[in-house]
Structure formats: C-alpha cells, structure tokens
Amino acid sequence: MCRTRGAGEGARARSIHLLVPSLFFAHTEGEQNEEPMKLRTNLLLTLLLCAVTLMLTVDAHGQAGMLKDDFGKTPEGQSVDIYTLTNSHGAEVKITNYGGIVTSLKVPDRTGRLADVVLGFDNLDAYLKGHPYFGAIIGRYGNRIAKGRFTLDGVEYKLAVNNGANHLHGGIKGFDKVVWNARPLKVGNGAALELTYLSKDGEEGYPGNLSVKVTYTLTNANELKIEYSATTDKDTVVNLTHHSYFNLAGQGEGDILKHKLFMNANRFTPTDEGSIPTGELRSVRNTPFNFLRMTEIGARINEPDQQLQFGKGYDHNFVLNGKIGTMRLGARVYEAGSGRVMEVWTTEPGMQFYTGNFLDGTLTGIGGRVYQQRYGFCLETQHYPDSPNQAKFPSTILKKGGRYHTVTVYKF
Ligand code: BGC
C-alpha cells in the first residue's frame with residue numbers, strides 16, 4: 001500500500017540505489033586490464049556496497065513504536081494512560097487502559113492519506129460521562145443475556161440488568177469501564193500493548209475470579225490484531241469482544257450507508273423485540289441480511305422487515321461460515337470515496353453487525369465531529385447473544401482450569 005510518509009522514504013531509498021551502479025562502474029572501467037586479484041577485491045567491495053544499500057533501504061522505512069501519555073484520573077482517583085502505537089508505515093492507533101478503549105485509529109486511503117476511521121473522544125472526561133461503548137473491550141459477556149439470568153452447574157446466577165429487562169455488555173460496570181493494567185510488548189512485526197484485568201468472583205453477578213488478558217498489536221501489515229485470553233478458578237461464562245464504530249471515510253464524515261459490505265454468513269440469529277435471539281439460525285437468502293455479495297449497507301436498511309424494525313436497522317448476530325476456532329474471513333467493507341477496505345478475520349463463531357442506530361447527534365467526538373445516527377458501524381466478533389440460555393448455540397462456558405482464547409484481526 002502507498003502512504004504519504006512511505007512515499008518520501010521510498011524516494012530516499014531509490015536515490016541510494018542509483019548511486020551504487022555509478023560507483024561500481026567508476027572503479028571497474030579504469031581497472032579493466034588489472035590482475036584478477038584486484039578484480040576480486042572490487043567485486044567484494046561492490047557486494048559490500050550492495051549489502052549496505054539494502055540495509056539502508058530497509059532502514060529508510062519507518063520504525064514501529066509506542067508512546068505513553070497521561071490521560072487523567074477516574075473519579076475514584078485511578079490514573080489512566082493513553083498509548084500511541086505506530087507501525088512502520090505510519091498507521092497509528094491510540095489505546096487507553098480505561099476500558100481498553102481504542103480512541104483513534106489512523107489508516108491510509110488509496111493515495112496514502114491517513115484518516116481516523118473510528119468514532120472516539122480525545123479526553124477521559126468524555127468517556128466517563130457515558131457513551132455507547134465506543135472502541136471498548138466488552139466483557140465478561142458481549143451482547144445480551146436474557147433477563148440477566150443463567151444456570152450453570154445447577155446454580156442460577158443473577159446478573160446486573162442494564163438494558164430493559166436484560167443484561168448487556170457485561171453489566172453496569174463492564175470491562176469497558178474498568179482500568180486495566182497495561183504493558184508495552186516487544187514484537188517483531190509492529191507495536192503491541194498487553195492489557196490485563198482480574199474480574200473478581202461475583203463481579204456484576206458472574207461466578208469465578210476471571211483473569212483476563214487482551215493484547216492489541218498494530219502490525220506492519222496495517223492490521224489491528226486483538227488476542228483475548230482468560231482463565232477462571234470456578235466454572236463461568238465468557239464472551240469477549242471489541243466495540244469500535246468504524247467509518248472508513250473518516251470519523252464524523254457522514255453516515256456509513258454507502259459503505260459496501262460482504263459478510264461471510266449464510267445464516268443469522270433473529271431476535272425478539274428486546275433483541276434476544278429466538279434460538280433459530282435463519283437463512284439470509286431472500287432477506288435484507290444477505291451480504292454474501294458485496295452490498296451497500298443502506299440498500300435495504302429501511303425495508304419493512306420485522307427484524308430490521310426490531311433492531312431499528314441492523315443490530316444482529318451473523319453465524320459465520322467456516323470452522324469455529326480457525327482464522328477465517330468474517331467480513332469485508334469497502335468505502336468508494338477513500339478506497340479504504342477493511343477485512344475482519346476471526347476465530348469466533350459469530351459477528352454482531354450494528355449500524356449505530358441509536359446514535360442521535362448528542363455526542364461530539366474528536367475535532368468537534370457530531371455523531372448522528374448511522375455515522376459508524378460495529379463488527380463485533382463474538383459467540384452468539386444469550387448463549388448461556390440457548391442449548392443449541394456454541395457454548396460460552398469456561399471451565400475451572402480451562403483457557404479461553406480467541407483472535408480477531410481488523411485489516412486495512
Ligand atoms: C448492541 C446494540 C447496542 C450497542 C451499543 C451493540 O453491540 O447489539 O443493541 O445498542 O451495542 O450500545
């Protein structure tokens with residue numbers, strides 16, 4: 001891919017390259033009839049020069065890096081930081097250890113121009129005031145658990161109820177509102193930040209001390225890779241996800257209805273009026289949920305379809321094709337104006353596609369951008385909503401002594 005900074009560096013690298021043949025010929029022309037020993041020395045010198053040139057060429061590209069800044073304090077007095085990760089092409093992600101939130105993600109367009117493609121704020125206060133999970137890590141359970149109840153090992157657990165009669169995104173104080181421990185990691189292919197959090201037994205009603213690790217890596221291939229893992233000391237349920245609202249034209253640059261979407265899903269999980277799955281895995285054929293061919297997000301969003309009416313647009317879990325636990329393409333999104341493409345790869349069985357239906361212009365983000373309805377879309381890789389109460393859905397139970405591990409990559 002072509003990038004503004006990369007292009008300048010490329011020119012520098014090219015000019016170094018051009019010097020090498022002229023040096024080589026200056027030497028060899030004058031010494032054509034000298035003895036073979038001298039020729040060998042020249043050849044060796046030339047090879048050495050080529051090697052140095054190669055090293056300079058590699059070095060001429062940017063280096064991945066990480067910066068840490070103070071991001072303020074929570075009302076309880078906990079210090080919060082913000083980390084800026086850059087890759088060798090100048091792509092950049094900002095992540096705060098408050099909620100593990102991605103506050104900004106800058107990636108190139110078709111000409112190499114960077115823009116921030118996620119909705120977010122540049123100060124902690126705005127996040128503390130409340131927002132619909134912008135860029136956050138969601139846990140212990142992404143999406144809804146009906147009536148905030150489930151039974152495990154014969155015990156009924158009652159969770160915090162925070163969405164009508166239901167439990168949503170981990171409860172009143174989910175993983176999006178806690179301060180994580182952060183540690184920059186050394187990796188060979190970009191910059192990485194490791195976040196850890198211990199969710200105590202009983203937190204928001206869940207059983208077991210859950211030790212969670214989320215690693216964000218901005219790779220030199222312009223990928224934001226998220227690796228989630230967890231262990232518990234008592235059987236529990238876990239379903240972690242990431243909640244960025246994307247707009248590939250740039251945050252605040254209008255709605256996302258003209259973005260084109262491919263979703264690698266033959267089926268989706270229809271819901272009742274409260275967005276709880278009915279348990280059916282319904283074919284997308286002949287419905288507005290068929291994105292097997294790239295289609296504009298807005299092409300059918302206002303059709304008189306009961307499921308779209310329940311969600312006020314798309315707010316549904318898609319059943320991803322392919323084998324659970326293996327990395328496969330879940331979705332691809334294309335924005336024609338910028339030429340940006342985003343692919344989502346995951347080991348997860350499902351993907352919540354949410355079109356920012358509840359954004360209403362009351363939140364103002366970075367650069368004074370007002371976020372109106374459908375100014376961003378989420379592709380949340382996950383297990384299906386309400387799995388703890390749905391015997392036919394893939395299980396979200398994490399056994400004592402077991403290890404939860406999933407990987408998702410947003411590739412640009
Ligand atoms: C849910 C929506 C919810 C949104 C943010 C999505 O993951 O599916 O129903 O409104 O998150 O609040």
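What follows is a trainee and a mentor talking through a predicted model.

Trainee: Which elements give two or more residues to the shell around the ligand?
Mentor: Start with who's there: the residues around the ligand include Gln352, Tyr354, Cys378 and Glu380. Now hold those numbers against the strand ranges, 350-354 and 378-382. The elements giving two or more residues are β24 and β27.

Trainee: And how do the residues of that shell divide into nonpolar, polar and charged?
Mentor: Asp315 and Glu380 are among the residues around the ligand, and Asp and Glu count as charged. Pro132, Tyr133 and Phe358 are in the shell too, and Pro, Tyr and Phe count as nonpolar. The full split is five nonpolar, three polar and two charged.

Trainee: Where do β24 and β27 sit in a sheet, and which strands are its edges?
Mentor: They belong to an open sheet of five strands with antiparallel pairing, in the order β19-β18-β21-β24-β27. An edge strand here pairs on one side only. Read the order from its two ends, and the edge strands are β19 and β27.

Trainee: Which residue in β21 is the bridge partner of Phe268?
Mentor: β18 and β21 run antiparallel, and three bridges join them. β21 covers residues 315-319, so look there for the partner. In β21, Phe268 is bridged to Phe318.

Trainee: Tyr133 and Asn286 both caught my eye; is Tyr133 buried or exposed?
Mentor: Most residues other than glycine have a negative phi. Tyr133, in the loop between α3 and β6, has a positive phi of about 65°. Its C-beta has 24 others within 10 Å, and because 20 or more is the cut-off, Tyr133 is buried.

Trainee: Then is Asn286 buried or exposed?
Mentor: Asn286 has a positive phi as well, near 60°, and is found in the loop between β19 and β20. Count its C-beta neighbours inside 10 Å and you get 7. The cut-off for exposed is 12 or fewer, so Asn286 is exposed.

Trainee: What is the omega of the peptide bond from Gly139 to Arg140?
Mentor: Most peptide bonds are trans. This one is cis, and Arg140 lies in the loop between β6 and β7. Omega is near -5°.

Trainee: How far apart in space are Asn264 and Arg332?
Mentor: Asn264 lies in the loop between β17 and β18, and it counts as buried with 20 C-beta neighbours inside 10 Å. Its contacts beyond four places in sequence include Leu329, Gly330 and Ala331. Asn264 and Arg332 are 68 residues apart in sequence, yet C-alpha to C-alpha they are 8.5 Å apart.

How values were computed: Residues numbered from 1 in each chain as written. Predicted model: local features only at pLDDT ≥ 70, side-chain atom pairs only at ≥ 80, totals over all residues. Near = placed C-beta within 6 Å. Helix = DSSP H or I, 4+ residues; strand = E, 2+ residues; numbered from the N terminus. Contact = placed C-beta atoms within 7 Å. Pairing = 2+ DSSP bridges.
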